[in-house]
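Visitor: Could you take me through a close look at how helices pack against each other here, and then at what surrounds the ligand?

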Amino acid sequence: MTTPDEAPAFDIVIVGAGFGGLCALHKCRQLGKRAAVFEAAPDVGGTWYWNSYPGARCDVESLGYNFSFDADLKREYQSKWPERFSAQPVILEYARHVADRYALRTDIRFKTRVTRAIWAEDRRFWIVETDRGDQITARFLVSAVGCLSSAQVPSLEGIDTFEGSWHHTGNWPKDGVNFETKHVLLIGTGSTGVQAAPIIAESAARLTVLQRTPHYAAPARNYALTRENLEREIQRVANFYAARYPADGDPPISWHGMNTVMTFDDPPESRQRRFEQLWERGGAGFFLAYKDTMTDLKANNEVSEFVRTMIRFAVKDPATAAKLLPTYPIGTKRMIAETNYYEMYNRPNVYLEDIRSDPIERVTAHGIRLKSGHEIEADILVFATGYDALTGSILRLNIEGVGGLPLMSAWEAGPRTLLGLAVHGFPNFFMITGPQSPSVLSNVIYSIEQHVDWLGELFQFLDARGFDRVEASLSAQDHWVSYCASLANQTLYQHTDSWYMGANIPGKPRTFLPFVGGNVLYKRRLDEVRDENYTRFALSSSTVDSSARAS
Ligand code: FAD
């Protein structure tokens, strides 16, 4: 390929128009940058555009799951959240509101997928290719492709022979799916399966859930936000975040929750009371009951056992209840917030199959055949089988860095980043909520804003000094990778095959993907790098002969 000679067409190309892309574009506008966004979908919203499956809902509270970059936006929208935990259409509507309020759509090219990005070292810019045949040049490339945006459909023999319809929750048909009078097979019991199943069960003639691993789910206890409770709720959520993200003092470590008490320092009756209170309060944060829940297996088992008891209590048929009991340490796979999930199994039209002991052999014309020969008929298959988390969509950008090195090769043994934001060998490339940043272990909108703010400051610094090339130094990256691993090693996360570990994708390197220390500790690290004038990056200018290389 020949490199276009002229100056890059854009300062920044952003890939993705979910909350990350919208936030990044808004920041670029504020900084006076020429930015272009490419989005595969026909609309904004990302996750909340694609995941329109029945029951899709956020498990971070609505009053906290929104942008804070504009106090007017935050305040004006507060009275618009109908429920404690927002449903997908409500969040999508919010994303559309943000896009329209700041007139962002004019810089977004929809229905356009970025298929390749090549670093042109001689010109110091990126050449970005799309599935529409575009070749766009930009000084910087920002990935806002999302941490849970590559839907994972298992490769099942015979799927092309199935005579019914099948859908993945992460790419749900926009005109919906009619389950009435239908026999439905739902595969997967992670967050999406647990959200979708009870709603599908209400209209389907029969729902069979195929479960490989039983998960822990705590009641969401969703409720309406009303004129009467709104002020109180705003205050409660504000207090929660003030405690969670304190400006001063020791940073709270995320796996402690906000707890200072160790499990066995609390007497058994008091422990039981605490679990019951948290269960009553509702939400996926239930499992962080004590400071050592995520570091001590025995302590963890206290919480796990409480949930198992509640499952036995909710599900009437003891054989079904037994199949639903999770055995891994609670929290080491994504904790689920549920509504009517366990009770759903008391319905006469709902069945549970354990496909760990009797795996799927193949899809047939009329359903699924298990290894035992047992056939389950279905009109509709629903794959709630998750995502190629954190790295999937980034790698699908087919990025080639210095010397044509594919990112796929640089990350052959797992992602290596500096701060989860940048990669050595890939200058002027940044990732919003990339691997080795808090991402999926946080309120993701909060993490997006952390990254966009940090990038905004970096761009201003580069402009002020005349730098046009910025690359993570290898030593700083190596240090970050081992720092992330050393934090993760202090927890129980390592011991479970989860998508946090890449274990749900055949052939994916097994490494703990997010930064586990929480947003406050992470922010300290971001600030340090900024305050040291970005010396952990190699900075240089094609016009000014000054460079500040880190070791
Ligand atoms: P996304 O919303 O994933 O947007 C990325 C966009 O990039 C997509 O629109 C995609 O089409 C586009 N894209 C990707 N690759 C390309 C390409 N090559 N070319 C062009 N466009 C591309 N987070 C929470 O904090 N709390 C929750 O409760 C929560 N619940 C969730 C429930 C589900 C079912 C899912 C899937 C995720 C959930 N998340 C939750 C995480 C959620 O992804 C984030 O909160 C947030 O929406 C991410 O925004 P984003 O812009 O970074 O990525």
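**Helix contacts and the ligand's surroundings**

Guide: Happy to. Let's begin with one helix pair, at the level of side chains: on the H3 side, Asp-72, Leu-73, Glu-76 and Tyr-77 take part, and they meet Glu-93, Tyr-94, His-97, Val-98 and Arg-101 of H4. Sorted by class, the residues of this H3–H4 contact come to 4 nonpolar, 1 polar and 4 charged. Please keep in mind that you are looking at a predicted model.

Now for the geometry of that pair. H3 covers residues 71–78 and H4 covers residues 88–101; the two pack at an angle of about 140 degrees, and their axes are 12 Å apart. An angle over 145 degrees would count as roughly antiparallel, so with about 140 degrees H3 is oblique to H4. The crossing of H3 past H4 is right-handed.

A second pair is worth setting beside this one. Helix H7, residues 268–281, packs with helix H8, residues 297–314, at an angle of about 60 degrees, and here the axes are 11 Å apart. The range for roughly perpendicular runs from 65 to 115 degrees, and H7 and H8 are therefore oblique to each other. Their crossing is right-handed. If you would like to find the contact on screen, look on H7 for Arg-271, Gln-272, Phe-275, Glu-276 and Trp-279, and on H8 for Glu-302, Val-303, Phe-306, Val-307 and Met-310. This H7–H8 contact has 6 nonpolar residues, 1 polar residue and 3 charged ones.

The third pair is H14, residues 474–489, and H15, residues 519–531. These helices pack at an angle of about 160 degrees, with 14 Å between their axes. Since angles over 145 degrees count as roughly antiparallel, that makes H14 roughly antiparallel to H15. H14 and H15 also cross in a right-handed way. H14 contributes Trp-480, Tyr-483 and Leu-487 to the contact, while H15 contributes Leu-521, Tyr-522 and Arg-525. By class, that H14–H15 contact holds 5 nonpolar residues, no polar ones and 1 charged one.

Finally, the ligand. It is surrounded by 35 residues, and the closest of them are Gly-20, Glu-39, Thr-47, Asp-59 and Tyr-65. Three of these names come with a distance you can check for yourself. For Tyr-65, a side-chain N or O atom is 2.5 Å from an oxygen atom of the ligand. For Glu-39, a side-chain N or O atom is 2.6 Å from a ligand oxygen atom. For Thr-47, a polar side-chain atom lies 2.7 Å from an oxygen atom of the ligand.

Methods: Residues are numbered from 1 along each chain as its sequence is written. This is a predicted model: local features need pLDDT of at least 70, side-chain atom pairs count only at pLDDT 80 or more; totals for chains, interfaces and linings use all residues. Side-chain values use heavy atoms; hydrogens and water are left out. Axes are lines fitted to C-alpha atoms, for helices over the stretch in contact, and angles run from 0 to 180 degrees between N-to-C directions. Helices (H or I, at least four residues) and strands (E, at least two) are DSSP runs, numbered from the N terminus. Angles under 35 degrees count as roughly parallel, over 145 as roughly antiparallel, 65 to 115 as roughly perpendicular and the rest as oblique. A crossing is left-handed if the near helix is turned anticlockwise from the far one by less than a right angle, and right-handed if clockwise. Contact means heavy atoms within 4.5 Å. Ala, Val, Leu, Ile, Met, Phe, Trp, Tyr, Cys and Pro count as nonpolar, Asp, Glu, Lys and Arg as charged, and the others, Gly among them, as polar. A residue is near a molecule or strand if one of its heavy atoms lies within 4 Å of it. A polar contact is a pair of N or O atoms within 3.5 Å; within protein, one must be able to donate a hydrogen and the other to accept it, and residues adjacent in sequence count only if both atoms are side-chain atoms.
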